[in-house]
Structure formats: C-alpha cells, structure tokens
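Visitor: Could you take me on a close look at one small spot in this protein? I'd like to start from a single residue and work outwards from there.

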Amino acid sequence: MRFKRKRWTAATLNEMLQRYRDGVSVADLAKTYDATASAIRQQASKYGVTRTAEYLSTVRREASGLPWVRDE
C-alpha cells in the first residue's frame, strides 16, 4: 500500500519543528499534522532539529527507573 506524500507548507513545517523541539510527543504531532511518526522524525532530521537537552534528560531519567535523580 502506498501512502500519499505529505506536502509541508513553510508555516506548518516551522510550527511542527518548533513543537518537536519543545518536546511534544511524536505521536501527538503525527495526529495533529496528519502524518506518520516516521514522517515527523524524517523532517526533524532533514532540518537538523533536535530535542532540547532538558527534554532529553527528562526522558532518560524516566527510562532509567530513577525519576528522582537530578542532573548536577
């Protein structure tokens, strides 16, 4: 099954990338912009957009099972 390519306008692309940078989940972005999670990640990668260090630290802390550990 082939999917129709998502056409990103400059405005929606900039908005999506900013929300991605701010830590909105990929699943939520995919629903909002009617795209696949893979498409969201591909666009972020294409434009060199990464998550903030604070967001990544939070994700790693939660994944470690030790959410009370602080970065010092």
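In which helix is A30 found?

Guide: A30 is found in helix α2. Before we dig in, a quick word on the ground rules: this is a predicted model, where local features need pLDDT of at least 70, side-chain atom pairs count only at pLDDT 80 or more, and totals for chains, interfaces and linings use all residues. Residues are numbered from 1 along each chain as its sequence is written, and side-chain values use heavy atoms, with hydrogens and water left out.

Here's the overall layout. The protein has 4 helices and 0 strands, where helices (H or I, at least four residues) and strands (E, at least two) are DSSP runs, numbered from the N terminus. Going along the sequence, you get the pattern α-α-α-α. Of the 72 residues, 26% count as buried; that word means under 20% relative accessible area, with exposed over 50% and partly exposed in between, using a 1.4 Å probe and protein chains only.

Now back to A30. Its relative accessibility is 10%, so A30 counts as buried. Setting aside neighbours within four places in sequence, A30 is in contact (heavy atoms within 4.5 Å) with A35, T36, A37 and I40. Its C-alpha atom is also 9.5 Å from that of M16, though the two are 14 residues apart along the chain.

Let's hop over to M16, then. Leaving out residues up to four places away in sequence, M16 touches W8, L29, Y33, I40 and Q43. Notice I40 in there, which A30 contacts too.

W8 is worth a stop. You'll find W8 in the segment before α1, and its relative accessible area of 18% is why W8 is buried. With residues up to four places away not counted, W8 touches L13, M16, Y33, A35, I40 and Q43. The C-alpha atoms of W8 and Y33 are 9.3 Å apart, and their positions lie 25 residues apart along the chain.

Several of these names meet again in the largest nonpolar core, meaning a set of buried Ala, Val, Leu, Ile, Met, Phe, Trp, Tyr and Cys residues joined through side-chain atoms within 4.5 Å. This core has 14 residues, and W8, M16, L17, Y20, L29 and I40 touch the most other members. Helices α1, α2 (26-32) and α3 each supply at least two residues of the core. The largest share, 4 residues, comes from α1.

So how do α1 and α3 sit against each other? Two packed helices are described by the angle between their axes and the distance between the axes. Here α1 (residues 10-22) and α3 (residues 37-46) pack at about 90 degrees, with axes 10 Å apart. The axes are lines fitted to C-alpha atoms, for helices over the stretch in contact, and angles run from 0 to 180 degrees between N-to-C directions. The pair is therefore roughly perpendicular; that label covers 65 to 115 degrees, while under 35 is roughly parallel, over 145 roughly antiparallel, and the rest oblique. On the α1 side, L13, M16, L17 and Y20 meet I40, Q43 and A44 in α3. Those contact residues split into 6 nonpolar, 1 polar and no charged, where Ala, Val, Leu, Ile, Met, Phe, Trp, Tyr, Cys and Pro are nonpolar, Asp, Glu, Lys and Arg charged, and the others, Gly among them, polar.

Another α1 residue to click on is R19. With a relative accessible area of 27%, R19 is partly exposed. Apart from neighbours within four places in sequence, R19 is in contact with V24, L29, T32 and Y33. R19 and R51 are 32 residues apart in sequence, with 9.6 Å from C-alpha to C-alpha.

Now look at the loop between α2 and α3, where D34 lies. Its relative accessibility is 68%, so D34 counts as exposed. Most residues other than glycine have a negative phi, yet phi of D34 is positive, near 50 degrees.

A35, which A30 contacts, has a far-off sequence partner as well. R5 and A35 are 30 residues apart in sequence but 8.9 Å apart in space, C-alpha to C-alpha. R5 sits in the segment before α1 and counts as exposed because its relative accessibility is 72%.
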